[in-house]
Amino acid sequence: MTYPPPSGGWHDPSAAAGPQSSPPADPTLPMAGNPIPSQPTSADPYAPADPYAGMKSGDPYAAPGYPPAGTSYAAPGYPTPGDPYAAAGYPAPAYPGYAPPSSKTNTLAIVALVLSLIGFTSCITAPIGAIMGHVARKQIRETGEQGEGMAKAAIIVGWILTVLLVLLIIFYVVMIVIAVNSDSSSGY
């Protein structure tokens, strides 16, 4: 059974209508503005996406949910520190969460503050705490440790309590002297 030739200029390739003037078109070459088709890859385009891919880290001891070491903690849309394409004039954003202290606290400053505060009850530890506070401040200046505020507080509390202790001792001595003099002058 044969069909009538279609109208519209379509040429039936199975029809034996004379020799072709050009070779058949290569299907891998681009045609009139169409892009070159990409080569197939070994990745399966229909494979399900891993929802935890961004949370995986090469470090097995990394905390879950945190980015791996070396990544930026800047919020999305904000420039990262050292970003050459960051908008000029805007400061780098503060990192959220806990930032570890830059150095440790001076142990002598802690001990000095504790001894100065114990001076409220024992009286003798207040001047020791004040002196240790001076030593702690010197160490902090030399080493760059934390604890400057504690050392100052130890010095202030220690010397105030020491002055109060000295005034109390002077008061007791004066009272004893007055009591002894008044007892000897009565003549009994």
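In the predicted model, 14% of the 188 residues of the protein count as buried. The protein has three helices and zero strands. Read along the sequence, the pattern is α-α-α. Among contacts between residues at least 6 apart in sequence, 51% join residues at least 24 apart.

The packing of helix 1 against helix 2 was examined next. Two packed helices are described by the angle between their axes and the distance between the axes. Helix 1 spans residues 107-122, and helix 2 spans residues 125-143. Their axes come within 7 Å. The crossing angle is roughly 165°. Angles over 145 degrees count as roughly antiparallel, so helix 1 and helix 2 are roughly antiparallel to each other. Their crossing is left-handed. By class, the contact of helix 1 with helix 2 has 13 nonpolar residues, seven polar residues and no charged residues.

Both sides of this contact can be listed by residue. Helix 1 contributes Leu108, Ala109, Val111, Ala112, Leu115, Ser116, Ile118, Gly119 and Ser122. These residues meet Thr125, Ala126, Ile128, Gly129, Ala130, Met132, Gly133, Val135, Ala136, Gln139 and Ile140 in helix 2.

One of the helix 2 residues in this contact is Gln139. Gln139 is partly exposed, with a relative accessible area of 32%. Leaving aside neighbours within four places in sequence, Gln139 is in contact with Asn106, Leu108 and Gly144. Gln139 and Asn106 are 33 residues apart along the chain. Their C-alpha atoms are separated by 8.0 Å.

The loop between helix 1 and helix 2 contains Cys123. Most residues other than glycine have a negative phi, and most peptide bonds are trans. Phi of Cys123, however, is near 65°, a positive value in a residue other than glycine. Cys123 is partly exposed, with a relative accessible area of 31%.

Nonpolar clustering was considered next. In soluble globular proteins, nonpolar side chains tend to be buried together. Here, the largest nonpolar core has five residues. Its members are Ala112, Leu113, Leu115, Met132 and Ala154. Helix 1 gives the most to this core, with three residues. Two core members, Ala112 and Leu115, are also listed on the helix 1 side of the contact with helix 2. Met132 is listed on the helix 2 side.

Ala154 is another member of the core. Leaving aside neighbours within four places in sequence, Ala154 is in contact with Ala112, Leu113, Ser116, Gly129, Ala130 and Gly133. Of these partners, Ala112 and Leu113 belong to the core as well. Ser116 lies on the helix 1 side of the contact between helix 1 and helix 2, and Gly129, Ala130 and Gly133 lie on the helix 2 side.

Helix 3 spans residues 148-185 and includes Gly158. Gly158 is buried, with a relative accessible area of 0%. Not counting residues up to four places away in sequence, Gly158 touches Ser116, Ala126, Pro127, Ala130 and Ala153. Among them, Ser116 is a helix 1 residue, while Ala126 and Ala130 are helix 2 residues. Gly158 and Val114 are 44 residues apart in sequence. In space they are 9.9 Å apart, C-alpha to C-alpha. Ser116 and Ala130 also appear among the partners of Ala154.

Terms used: Residues numbered from 1 in each chain as written. Predicted model: local features only at pLDDT ≥ 70, side-chain atom pairs only at ≥ 80, totals over all residues. Heavy atoms only, no water. Axes fitted to C-alpha atoms, helices over the stretch in contact; angles between N-to-C directions. Helix = DSSP H or I, 4+ residues; strand = E, 2+ residues; numbered from the N terminus. Parallel < 35°, antiparallel > 145°, perpendicular 65-115°, else oblique. Left-handed = near helix turned anticlockwise from the far one by under 90°. Contact = heavy atoms within 4.5 Å. Nonpolar A, V, L, I, M, F, W, Y, C, P; charged D, E, K, R; others polar. Core = buried A, V, L, I, M, F, W, Y, C linked by side-chain atoms within 4.5 Å. Buried < 20%, exposed > 50% of the residue type's maximum accessible area, 1.4 Å probe, protein only.
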